[in-house]
Amino acid sequence: MQTYQDILTSKKSGPGFDPDLVRGSFPILNTTVHGKKLVYLDNAATTQKPESVIKALDNYYRQLNSNIHRGVHSLSEKATEAYEGVRDKARQFINAASNMEIIFLRGTTEGINLVAGSYGRSNVGQGDEVLITGLEHHSNIVPWQMLCNQTGAVLKVAPIDDKGEVILSEFERLIGPKTKIVAIAHVSNALGTVNPVKRMVAIAHAHGIPVLLDGAQAVPHFRIDVRDLDCDFYAFSAHKMYGPTGIGILYGKQRILEAMPPYQGGGDMIRSVTFEKTIFNDLPHKFEAGTPSIADTIGIGAAFDFLNGLDWDAVSHYEHELLVYASEVIGAIPGLRIVGTAREKAGVLSFVMDDVHPHDIGTILDREGIAVRTGHHCAQPVMLRFGIPATVRASFALYNTKEEVDELVRGIYTVKEVFH
Amino acid sequence: MSELRALYQEIILEHNKKPRNFRKLEHATRTLEGYNPLCGDHYTLYLKIENDTVVDISFEGAGCAISKASASVMTTMLKGKSKDEAQGLFETFHKLVTGELKDISFETLGKLAAFAGVSEFPARVKCASLAWHTMRNALDAQSEPVSTE
Ligand SMILES: Cc1ncc(COP(=O)(O)O)c(C=O)c1O
């Protein structure tokens, strides 16, 4: 597969993507906020859902609802089939080798906690090291910190430069004989930086160290091929890629998952239980204890279908153009500074303004119907690195348009007017 | 725009730009931090209390216009007030920003009136109240930092 950059270059000449063709599929985009048409630019927090996903949830409860992997009755069989069918779709979507490598769980956060709790607890010990980067979301920091506190291991952080790019020489230097696992965001939620994860995985693998990628902000924006990336784990959330909340996927290489102990115990993850001994179920069920979020899993299946119906590379290219346009017009506003200027970015535009706090900007934009996020974006160390308490973050999805970016620019001028 | 103007009154913008009593207070008898974890507002409030009276008050820190102006206005109102009077002002202010104070004359409110618009912006009540909560806890001689969460 090509890199993100290749996708962008190759699509320059191809047929474009027209967001107006999909906007109609998202009912919420037709609503108003404070009497203004909603301009939804908080997609990194969660994306809106297309009609097909909403219908899939509704349909599941109306026509399929029953528990899976249990009953012999028809409904249970149908529900199980639908649930397991989504595993096929997920495998294809990220090009995993086998359905055994696809674990359904609550989201990116739970995926990372699973790896830290299971792989980490069995492979990381006193004096060992876990390596992350300076641009991680709290969910790719705290589980590792907890692991380190429990085991006496040390958390190492590869620093980022003023553009918001990980300093690769430092990253490489920090990998040593004590490093037991590396965890990296594919795309930063606070800055938009696309990390060169394929290279970073290769560097870690050269030292024999497995790598977890936090794909929460990558999956919504470009094609993912876990085999091409060669990562050992890949975690992402449905709700950031047009699917429901409460469901996400952890990919893990079969060989590694097989060697890992279960993360939680309960029903579904066992083959047989006596009071003396439990035999665990095979992959992937070993990691899916209890009744899962069946409806939401069906929902993420609908999200995969929705995305598979689009020319995915054309979408990436369109979104990239939109981000470039937004960076130009917003970056040109006097007294405004873009935070995060990496060479490769996806989906996110963070900025600060002289003399106006992000929180005030957020309130004023909201009155104009524009939804952005203000704050530290669950990435306080990133804010610290840039010496700011917070930013305003506009984050984009495939249904956003240049007109909406122009609305944002007008909104920012309203901020200036209020604060003169 | 009119609601925004009601929130961002001239007084608020002016206090945000030039906060009063914005410094560390030497010889403070009470010092307390207040922060709003969600948006990162973070202030330190200094009080000098003698005979149950606020003889001096100041603050430092950073945050949004609403939280900063509120802290600034508060410091200008509290100097020379007794603890009971300060407590009374806290209650008035709290009712004002949560929309529980209707039909009160602007004379009674004095400078606090500038914050009447906050009640239309529920997400901002925490910003407006941060310094006030911090002040009240400091008067109660509490030492735990105040968090609005
Ligand atoms: C980069 C990144 N990692 C992890 C997460 C956590 O995702 P979730 O809350 O869906 O588990 C997010 C969500 O904000 C994110 O942006």
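These exercises look at how two domains of chain A meet in a predicted model. Residues are numbered from 1 along each chain as its sequence is written, and chains are lettered from A in the order in which they are written. In this predicted model local features need pLDDT of at least 70, side-chain atom pairs count only at pLDDT 80 or more, totals for interfaces use all residues, and side-chain values use heavy atoms, without hydrogens and water.

**Exercise 1.** State where the two domains of chain A lie in the sequence, and how much area is buried between them.

Solution. Start with the domain assignment, which gives domain 1 as 4-50 + 311-419 and domain 2 as 53-308, the bounds coming from an automatic or database assignment. Next, take the contacts (heavy atoms within 4.5 Å): 42 residues of domain 1 of chain A touch 37 residues of domain 2 of chain A. Finally, the buried area (accessible area, 1.4 Å probe, that two parts lose on being put together, summed over both) is about 3,300 Å², with 57% given by carbon and sulfur atoms. Of the area that domain 1 of chain A buries against domain 2 of chain A, A:Pro50, A:Trp312 and A:Arg385 supply 20%, more than any other three residues.

**Exercise 2.** Find how many salt bridges join the two domains of chain A, and describe the bridge of A:Asp162.

Solution. A salt bridge requires a side-chain nitrogen of Lys or Arg within 4 Å of a carboxyl oxygen of Asp or Glu, and between domain 1 of chain A and domain 2 of chain A the count is three. The side chain of A:Asp162 meets that of A:Arg385 in a salt bridge, at 2.8 Å from N to O.
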